[in-house]
Amino acid sequence: MSSRHPFDLSLTLVTDAALCGERGVAAVVAEAVAGGATIVQLRDKLASTEQLLEQVAELAGVIDGRAALVVNDRLDVVVAARERGIRVDGVHLGQSDAAVLAARDALGPDAIVGLTANTRAHLDAVARLPRGTVDYLGVGVIRPTSTKPDHPPALGVDGFAVLAAATDVPCVAIGGVGAADVPELRRAGAAGVAVVSAICAAPDPRAAAAEFAARWAASAGIEADGGSPTASGAPRPAGGVPRVLSIAGSDPSGGAGIQADLKSIAAVGGYGMAAITALTAQNTRGVRGVHVPPATFLADQLDTIADDIEVDAVKIGMLANAEVIDTVAAWLRRIRPPVVVLDPVMVATSGDRLLDPDAERALRDLLPLADLVTPNVAELAVLADAEPATTWAGVIAQAETVSAGFGVRVLAKGGHLDGATAPDALVDAAAATIVEFDGERIATTATHGTGCSLSSALATLRASLGAWEPAVAEARRWLRESLRHGESLAVGGGHGPVHHFAGLWSRGGLATAPTPAEVEAEWWAEIADVRRAIDELPFIRALADGSLPRTAFEEYLAQDAHYLRVYSRTLAEASRLAPDAPAQAFWAAGAQRCLDGELALHRDRLHDLRGPRDQRARPFEPNAANTAYLDHLVASGSRGGYAELIAAVLPCYWIYDDLGRRLVTGGFGPEALSPEHPYADWLAMYGEPAFELATRQAIDTVAAVASRATPAVRARMLRAFRRSAEHELAFFAAPWPADRIEVDA
Ligand SMILES: Nc1ncnc2c1ncn2[C@@H]1O[C@H](COP(=O)(O)OP(=O)(O)O)[C@@H](O)[C@H]1O
Ligand SMILES: Cc1ncc(COP(=O)(O)O)c(N)n1
Ligand SMILES: [Mg+2]
């Protein structure tokens with residue numbers, strides 16, 4: 001956190017009068033401060049200025065200097081309170097509130113000025129301000145929450161980490177944060193957490209605050225900037241760099257086996273060594289062959305290493321057959337390395353067997369020699385002598401059985417379960433403990449070697465951190481970062497490898513391309529303001545509630561029909577420029593669908609609404625918004641080629657799909673679309689699954705191109721995309737003169 005200020009950002013209580021209930025805000029604040037809240041932010045969107053001033057005075061008295069007091073939004077209230085001699089430490093502003101520069105000006109250098117920021121664009125704007133203008137950024141929301149209606153899409157801990165890493169200003173995580181999130185957020189670089197309901201609505205606010213404070217304190221030392229950092233951000237071991245030996249098979253494609261182990265060990269700060277048990281002929285699609293050298297030669301490798309080098313940790317992977325297992329077991333009994341992690345590899349991600357079936361029994365004898373085993377769901381079931389679990393609770397139960405039966409700590413892995421999250425759990429039957437780690441599942445095909453990478457990172461981090469829990473937490477943080485960037489390596493056509501050095505490279509200034517999923521999230525966030533403005537247009541509001549005048553709707557449809565005819569040509573151009581057959585076919589199909597839609601519009605709607613005679617009487621003219629939009633599309637293609645063209649055509653899919661679905665399902669306003677709605681059949685077109693599917697494909701196609709593009713091309717694509725979104729807004733606004741908006745061409 002900033003050293004300029006004596007303020008402790010670790011735990012902010014944001015007040016909510018409704019949630020505090022009859023106890024009153026002041027009583028809850030008193031309890032929360034006693035429990036360890038370090039900042040109190042008075043947030044009351046309904047109170048009058050005078051009421052706010054009264055509340056500020058009351059809270060300042062209750063807090064009595066034990067925590068800092070800031071006011072949400074209302075710089076004027078802070079100024080007025082200070083004039084009355086009330087101690088208020090500062091203000092927290094939203095993006096649409098008074099400018100932070102004005103606040104800094106009004107309150108002076110020692111006040112706290114906080115700002116809500118939830119997009120890259122917000123961070124960029126802060127970076128342009130003079131240093132010291134903003135003390136901290138409130139970054140969120142972390143999880144969906146009801147205390148902030150209309151909040152932007154939830155960032156999750158990972159999204160928070162991405163933003164926090166992109167700014168020097170301390171970031172406080174806010175929005176749906178629970179006490180259990182604290183360690184992960186602190187590791188993700190949070191300077192603190194801000195909490196509303198978890199304290200205001202708690203039966204015992206003091207205990208709730210104390211739990212947050214305790215978790216914050218307990219996660220000290222494992223935050224990204226704590227200690228002297230290794231590549232992974234973990235503090236260095238007191239005793240130097242751990243020397244870590246992988247005993248595993250070779251994967252010549254480099255994503256699993258000893259190749260993955262050596263990369264992983266290096267990435268999290270260890271010195272890697274490898275004794276090879278077996279050679280596989282393998283790529284990202286599967287294993288074609290396995291060659292097992294004589295076990296006596298493995299024994300030679302192991303002995304040669306141990307005769308010279310002190311081994312701080314051992315990771316064991318593919319063992320091929322019973323003879324190899326026995327060789328490793330004998331060596332472990334003799335050498336007794338301080339840390340042994342056993343990844344009981346039986347089957348590769350591709351489904352190929354990597355252990356003789358008759359060797360599974362021998363493997364069981366090896367288990368008690370390990371400090372930790374890391375089976376995936378299938379391997380755990382074999383060890384538990386049961387069918388593979390299909391639920392996380394089932395996995396935990398089997399892990400308890402295995403831990404108790406073999407007297408070994410188990411890391412149960414949820415990578416192969418379905419579901420929105422990818423949990424792991426440390427299960428230790430002897431100590432009767434289960435520690436769960438959770439985080440959203442990362443949408444990626446790059447999962448080859450995740451088990452190998454995790455187990456070798458764990459062996460390394462256990463040696464450097466001295467305890468299992470922080471080792472698992474840090475190994476997961478690193479693996480998840482590596483998973484997120486795996487696809488950017490573009491290795492192989494099957495399950496590609498994770499990007500073991502994604503974090504190291506980006507911290508070293510080596511650009512790591514964003515994944516398609518990141519492109520998607522960033523671009524959608526980038527046009528959040530435009531989408532909001534579209535939602536608020538009287539035209540759209542009236543379209544939603546059915547009150548849109550026929551004349552305006554007709555005008556819109558006539559403009560749309562013209563637009564679609566030219567838009568179809570730009571899609572045909574995208575098809576012409578497409579680099580491969582699937583993309584060529586996709587854009588061509590889009591062009592065809594557009595033309596069909598345009599023809600149908602003319603046949604069913606325009607004819608219907610206006611009558612052919614009327615149409616003749618009023619010859620059609622494209623309006624300025626329409627022409628400007630179409631010019632932009634054509635120019636994007638001729639200036640920027642395929643990449644910019646498909647970025648420019650995307651908003652017409654994405655915004656319509658989003659808007660259409662919300663209009664039809666009632667996600668837009670209070671009621672779902674009634675059958676009596678005058679434009680129900682027309683709106684239904686955009687809620688159709690076929691359009692949703694086409695939109696999904698369009699987003700995926702564009703995001704994949706952007707993810708692989710150079711940074712300069714990616715930036716131009718984003719500009720073309722945003723400009724089209726702005727044209728969408730102007731297009732919607734045009735049929736109703738009151739809304740008309742000009743966009744520069
Ligand atoms: N899609 C994913 N998103 C996030 N984490 C994942 C994903 N797939 C696997 N993991 C994590 O990778 C590690 C390896 O797990 P798993 O895939 O179950 O084992 P294995 O690679 O041995 O089959 C675990 O920490 C798991 O939680
Ligand atoms: C040589 C070798 N060892 C292990 C694995 C398991 O890979 P995963 O980590 O995906 O389970 C593999 N595919 N190849
Ligand atoms: Mg595995």
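Which helices each supply at least two residues of the shell around ligand 1? They are helix H17 (450-465) and helix H18. The model is predicted.

**The ligand and its shell**

In total, 15 residues surround ligand 1. The closest are Asn 376, His 416, Asp 424, Ile 442 and Thr 450. Sorted by class, the shell holds 5 nonpolar, 5 polar and 5 charged residues. H18 gives the most to this shell, with 4 residues.

Some contacts join an oxygen atom of ligand 1 to an N or O atom of the protein. The table lists them.

| Residue | Part of the residue | Distance to an oxygen atom of ligand 1 |
|---|---|---|
| Asn 376 | side chain, N or O atom | 2.8 Å |
| His 416 | side chain, N or O atom | 2.5 Å |
| Gly 451 | backbone, N or O atom | 2.9 Å |

On its own, ligand 1 has 550 Å² of accessible area, and the protein covers 93% of it.

**The sheet**

Now turn to the strands. An open sheet is formed by 9 strands, and their pairing is mixed. The order is E11-E10-E9-E12-E13-E14-E15-E16-E17. Strand E11 (287-291) and strand E17 (433-437) are the edge strands, so each pairs on one side only. Strand E14 (residues 372-373) pairs with strand E15 (residues 409-413) in the parallel sense, over 2 bridges. One bridge partner is known by residue: Leu 372 is matched by Arg 409 in E15.

**Helix H18 against the sheet**

Helix H18 covers residues 468-484 and packs on the sheet. H18 touches strand E13 (340-342), E14, E15, strand E16 (424-428) and E17. The direction of H18 makes about 20 degrees with that of E17. H18 thus has two roles in this picture: it packs on the sheet, and it supplies residues to the shell around ligand 1.

Conventions:
Residues numbered from 1 in each chain as written. Chains lettered and ligands numbered in written order. Predicted model: local features only at pLDDT ≥ 70, side-chain atom pairs only at ≥ 80, totals over all residues. Heavy atoms only, no water. Pairing = 2+ DSSP bridges. Contact = heavy atoms within 4.5 Å. Axes fitted to C-alpha atoms, helices over the stretch in contact; angles between N-to-C directions. Near = heavy atom within 4 Å. Polar contact = N/O pair within 3.5 Å; in protein donor to acceptor, adjacent residues only side chain to side chain. Areas by Shrake-Rupley, 256 points an atom, 1.4 Å probe, with all protein chains shown as cover. Nonpolar A, V, L, I, M, F, W, Y, C, P; charged D, E, K, R; others polar.
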